[in-house]
Structures are given as structure tokens and as C-alpha cells.
Amino acid sequence: MKKYSRKNFTLIELLAAMAVFSVLLMVSLRLFNGAQRIWLRSEQKTDTFASGRLAMELIASRMQALLYVNEEDRLEYPFFINEKTVWFASAMATGDGTPRRHFLQFRLVDPASTTFTNAGTLQMIRYSGQNAKGGGNFFGQLFPSYGETKRKRRKINEYSKAMDHVEKVFKAVEEDNQDNPTVDGVETRATAIDICENVIDLKFTRFIADDANSKLDADAKSGDTQKAPYLVEVEIKMLDSRDSFIKWKNAPASEKDEIFLEHGYTFQRAVLLGKKGDE
């Protein structure tokens, strides 16, 4: 019978085998890390696009439900817009079909702020008033009575006073970054709802109809406008993650554009309001 002898590996052979295994392991890890980075980037992109589409749809649907009131045979829009913010009255139905009237504001918490931890958050501020479900006229549905004392309460029953009141409510929520501020002696029902994060710019461009020339003219240089335009173009610029946002926020001005080109996305939507006041 033939006998076989077992030959042991030499030290050189073991070292060579370990070296080959190490190289293969490093290559595998690099391939895995690369695939993981691609997957994470794809997930971030998907989440960013979903947030951007949701924000645009929310702004467009609420704005197209714009509410106007008839005061002394004039159709008045409770509406305010400039390049950075917009607020208006909107009538959106609830799940059971019941109409709910709110004042809504869309605004961006200053991305460069060092005071608020939610810097770069796109918010919808909703002010429901005291009687949002109630019947009666426009003022009775939305506005509380107010005054210095309970015995001196008076109701808001004029359009100009209503607009002043709403503007003060939104300003109070913005400055304090808190819900339900007390305005005109009344604890309001104004709530800030976060829509999406990592936003570095929010821009509204309004267009007015030029019937004489049958075209739309941008009204971007006229300052604040308290009249609903024919069309509003909304633009949102946002980054793909909080890490990218912090990197952008802490970067010098000369590097911000480069960071946005690598990690940012721009969303645009045209919201047609038309000539509701002429109906």
C-alpha cells in the first residue's frame, strides 16, 4: 500500500496567502462601501424629491383655495405677498367635507439663524381664529373678540382691522417661534407646522395680467403686495441632508454655491390664481 505523507505549509506560503486574502478583502470592502454610498445618496435624493413635491403640492392646493370676501360690494382678498413670504385666507374642506377657513402663511425659518434650532425649516403657520367652524359672516368665522379687559371686548368687523390683526399674529409666531401667541389681548390659535427641512431659500414671484398686451408681467420690484396676483411662481432650494445643510451653513460665502451644486436641488411650481375677484 502506497503511503502519503502530509506536508505542512511553510511560513512564506502562509504569508503569501494572507497577503492575497487581505487584498481581496480590501477590494471587497471598497466595492461594498461604494455601493453603500450610492444607495445612501439614492435614498437621500428620493427623500428630498418627496419632501419638495409635498411642499409644492401643499402650497399650491392651499393657495388655489384662496378665499375672498365681499365688503360693501367690493371683492377683497385677505392676501399679502412679497419675495420671501405669503399669507392669505384659504377655505379647505376637511375629510368629512366640512369647510374650514384658515389664515395660512408659508415662510422659511432663517437658514443662517443661530438662535433657532429649526433653522432652514419651511413652515406653514395656520391661524384658525376662534370660530373656524362657525357660521355667519367672514369675520364671525375667523376672528375672536379682543380688548384690554373682558368688559371691553370688541369684535373685529372691519376688513382693515382684520388684516392688521392677522399680520400681528403671524409676526408674533415668527419672532417667538412659539404657537398660540397672545395678540390683541387674546390667546390665538396660531400653530406653526413644519413641512420640510434643509431649505436654504424660498422665493415667491408674482405675475399680474396685462390685458392690453395679453401677457403676464412679473411684479417682483413693487415691494409688498396686498392683492392677489394672477399667477405666483414658487421656488424652493433645499439640500439632501442635515449634514449637507450644516456644512453649507458653516461654509464661507465663496463655497456655498459649490456645496449647493453638489448636494442641492431646486423645485419650482407655477400656481394659477386667475381673476377670482372678477367672478
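Is Asn-180 buried, partly exposed or exposed? I looked this up at the start, noting that the model is predicted. Asn-180 counts as partly exposed, at 34% relative accessibility.

**Entry 1: the chain as a whole**

I recorded the overall composition before turning to single residues. The secondary structure comprises five helices and 15 strands. Of the 279 residues in the chain, 41% are buried. I then looked at contacts with a separation of 6 or more, and found that 62% of them join residues 24 or more positions apart. The accessible surface of the chain is about 17,300 Å², and 51% of it comes from carbon and sulfur atoms.

**Entry 2: helix 3 and what follows**

I examined helix 3, which covers residues 159-176 and has 18 residues. From first C-alpha to last it reaches 26 Å, close to the 26 Å expected at 1.5 Å a residue. I listed its buried residues as Tyr-159, Ala-162, Met-163, His-165, Val-166, Val-169, Phe-170, Ala-172 and Val-173. As background to the spacing in that list, I noted that an α-helix has 3.6 residues a turn, so residues three or four places apart point the same way.

Just after the helix, Asn-177 has a positive phi of about 55°. I returned here to Asn-180, which sits in the loop between helix 3 and strand 9 (182-183). Asn-180 also has a positive phi, about 55°, although it is not a glycine.

**Entry 3: Ala-190**

Which residues does Ala-190 contact, leaving aside its neighbours within four places in sequence? I found Arg-126, Tyr-127, Val-169, Val-173, Asp-179, Asn-180 and Pro-181. Of these partners, Val-169 and Val-173 are among the buried residues of helix 3, and Asn-180 belongs to the loop between helix 3 and strand 9. Ala-190 itself lies in strand 11 (residues 190-196). Its relative accessible area is 0%, so it is classed as buried. I also took the C-alpha to C-alpha distance from Ala-190 to Ala-172, which is 9.5 Å for a sequence separation of 18 residues.

Beyond strand 11, I checked Asn-198, in the loop between strand 11 and strand 12. Asn-198 is a residue other than glycine with a positive phi, near 65°. Asn-198 is buried, with a relative accessible area of 9%.

**Entry 4: salt bridges**

How many salt bridges does a search of the whole structure find? I obtained three. For context, side chains of opposite charge can pair when their charged atoms come close.

I took Arg-269 and Glu-57 first; their side chains form a salt bridge at 3.4 Å, N to O. Arg-269 is in strand 15 and Glu-57 in helix 1, so this pair ties together parts that are 212 residues apart in sequence. Arg-269 is partly exposed at 28% relative accessibility, and Glu-57 is partly exposed at 42%.

I next took Glu-83 and Lys-203, whose closest N and O atoms are 3.9 Å apart in a salt bridge. Glu-83 lies in the loop between strand 3 (79-81) and strand 4 (86-93), and Lys-203 in strand 12 (residues 199-210), so the pair ties together parts 120 residues apart in sequence. I noted relative accessible areas of 36% for Glu-83 and 29% for Lys-203; Glu-83 is partly exposed, and Lys-203 counts as partly exposed.

I then took Asp-201 and Lys-84, which form a salt bridge with closest N and O atoms 2.7 Å apart. This pair links distant parts of the chain, 117 residues apart, with Asp-201 in strand 12 and Lys-84 in the loop between strand 3 and strand 4. Asp-201 is buried, at 18% relative accessible area, whereas Lys-84 counts as partly exposed at 46%. The cut-off for buried is under 20%, so Asp-201 falls within that class.

**Entry 5: strands 14 and 15**

I looked at how covered strand 14 is, and found that seven of its nine residues, within 231-239, are buried. Strand 14 pairs with strand 15 (residues 264-272) in the antiparallel sense, over nine bridges. For Met-238, I identified Tyr-265 in strand 15 as the bridge partner. Strand 15 also holds Arg-269 of the salt bridge with Glu-57.

**Entry 6: a surface patch**

I closed with a nonpolar patch on the surface, formed by Leu-11, Leu-15 and Met-18. Together these residues have about 350 Å² of accessible area. Met-18 is located in helix 1 (residues 11-64). Met-18 is exposed, with a relative accessible area of 54%.

How values were computed: Residues numbered from 1 in each chain as written. Predicted model: local features only at pLDDT ≥ 70, side-chain atom pairs only at ≥ 80, totals over all residues. Heavy atoms only, no water. Helix = DSSP H or I, 4+ residues; strand = E, 2+ residues; numbered from the N terminus. Expected span 1.5 Å × (residues − 1). Buried < 20%, exposed > 50% of the residue type's maximum accessible area, 1.4 Å probe, protein only. Patch = residues over 30% accessible without salt bridge, like charges linked within 9 Å, V, L, I, M, F, W, Y side chains within 5 Å. Areas by Shrake-Rupley, 256 points an atom, 1.4 Å probe, with all protein chains shown as cover. Salt bridge = Lys/Arg side-chain N within 4 Å of Asp/Glu carboxyl O. Pairing = 2+ DSSP bridges. Contact = heavy atoms within 4.5 Å.
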